[in-house]
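Colleague: I'm new to this one and I keep tripping over the vocabulary. Could you show it to me and let me ask where the words come from?

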Amino acid sequence: MEKIIGVAHIHSRFSYDGKLSLPELKSLFQKNNLRFALVSEHEDDFDEKKWIALVEECQKLSDDSFLFIPGLEINYAGGHVLCFGLNQPISYMKGIETLKEANKAGALIVFAHPHRSRYRVGEELQQIINGVEIWNSHYDGKWSPRFLSYKLWQKVNREDKKIFAFAGLDFHDLHHLHGPRLEVASSFSIEAILKALISGSFVIKKDEKIISAFPDLNMFPLFIKSFLSLCILGGYKFAGNIFSFFPKSWKRKIKLSLRKNL
Ligand SMILES: [Zn+2]
Ligand SMILES: [Zn+2]
């Protein structure tokens with residue numbers, strides 16, 4: 001057993017809005033001392049052929065030092081659900097049937113950025129998910145989990161079905177890199193890392209901050225940090241409109257430097 005640090009909720013160019021290829025991502029992640037990445041491409045334009053191409057490229061780029069764990073981000077009830085570690089093609093029926101199939105195939109299933117679904121998890125979905133993404137640094141900022149997502153996790157996590165708190169980068173471009181990491185105590189294989197994650201044997205790490213997969217967070221500081229983080233992101237988006245007349249390459253550089261830690 002060793003402590004292995006990686007990142008989750010990664011989009012490459014296999015997604016219509018991902019900016020980096022898988023080889024570029026591997027090199028970036030390795031430079032940042034990360035050893036695995038849970039990939040979750042948007043399912044929108046996927047078919048079996050594209051899925052097989054993704055799995056093959058993930059396998060080709062995985063070695064003794066780094067692992068890509070393939071997966072999809074499935075559209076469901078106006079929101080998104082992450083399915084990681086799918087090792088067989090699933091039908092693209094969309095919605096709950098796809099998710100049930102992924103669940104049966106042993107995938108790790110996480111309810112993504114709950115605010116986009118207005119914090120609603122249907123009964124059927126609740127039976128299937130392993131975790132709730134309490135911290136999506138793309139939408140929630142890089143300071144803190146989102147208060148209301150944490151509250152949702154508290155609500156759905158029950159004694160008879162343990163659901164863990166999860167964190168992802170929702171990585172599409174370089175400025176998404178410095179969000180929360182996942183640390184698992186596991187041997188170094190896709191199967192072992194997935195098993196550790198599914199059983200909730202991991203912690204969320206961001207700089208000095210360590211959050212358990214079953215956290216008991218102090219509500220008031222969490223509320224303040226989450227509120228401030230969202231205000232800063234709102235301010236940043238407003239400022240983005242001011243920069244909108246700048247050339248594209250300038251805007252990307254400004255975005256990268258401003259959002260590095262936001
Ligand atoms: Zn999403
Ligand atoms: Zn995403």
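Colleague: What makes β5 and β6 a hairpin, and which residue in the turn has a positive phi?

Modeller: The two strands form a hairpin with two residues between them, and A77 in that turn has a positive phi of about 50°. Bear in mind that this is a predicted model, where local features need pLDDT of at least 70, side-chain atom pairs count only at pLDDT 80 or more, and totals for chains, interfaces and linings use all residues. Residues are numbered from 1 along each chain as its sequence is written, while chains are lettered from A and ligands numbered from 1 in the order in which they are written.

Colleague: How do you know that β5 and β6 pair?

Modeller: Two strands pair if DSSP finds at least two bridges between them. Strand β5 (residues 71-76) has six bridges to β6, running antiparallel, so the definition is met. For instance, E73 sits opposite L82 in β6, and N75 has H80 as its bridge partner there. (Strands are DSSP runs of E with at least two residues, helices are runs of H or I with at least four, and both are numbered from the N terminus.)

Colleague: What is on the other side of β6?

Modeller: That would be β7, joined to β6 by four bridges and antiparallel to it. L82 turns up again here, with V110 as its partner in β7.

Colleague: Which strands make up the open sheet, and in what order?

Modeller: Six strands, ordered β3-β5-β6-β7-β8-β9, with mixed pairing. β3 (41-42) and β9 (164-168) are at the edges because each has a single partner strand, leaving one side of each without a neighbour in the sheet.

Colleague: Why is β6 called mostly covered?

Modeller: Five of the six residues in β6 (residues 79-84) are buried. Buried means 20 or more other C-beta atoms within 10 Å of a residue's own, exposed means 12 or fewer, and partly exposed is in between, with C-beta atoms placed from the backbone.

Colleague: And what makes α8 lie largely in the open?

Modeller: Of its 24 residues, just two are buried, so α8 lies largely in the open. Helix α8 (residues 219-242) reaches 35 Å from first C-alpha to last, close to the expected 34 Å; that expected span is 1.5 Å times one less than the number of residues.

Colleague: Are R118 and Y119 buried, exposed or partly exposed?

Modeller: R118 has 10 other C-beta atoms within 10 Å, so R118 is exposed. Y119 has 17 such neighbours inside 10 Å and therefore counts as partly exposed. R118 has a positive phi of about 55° although it is not a glycine, and Y119, not a glycine either, has one of about 60°. R118 is in the loop between β7 (108-111) and α4 (123-128), and Y119 lies in the loop between β7 and α4 too.
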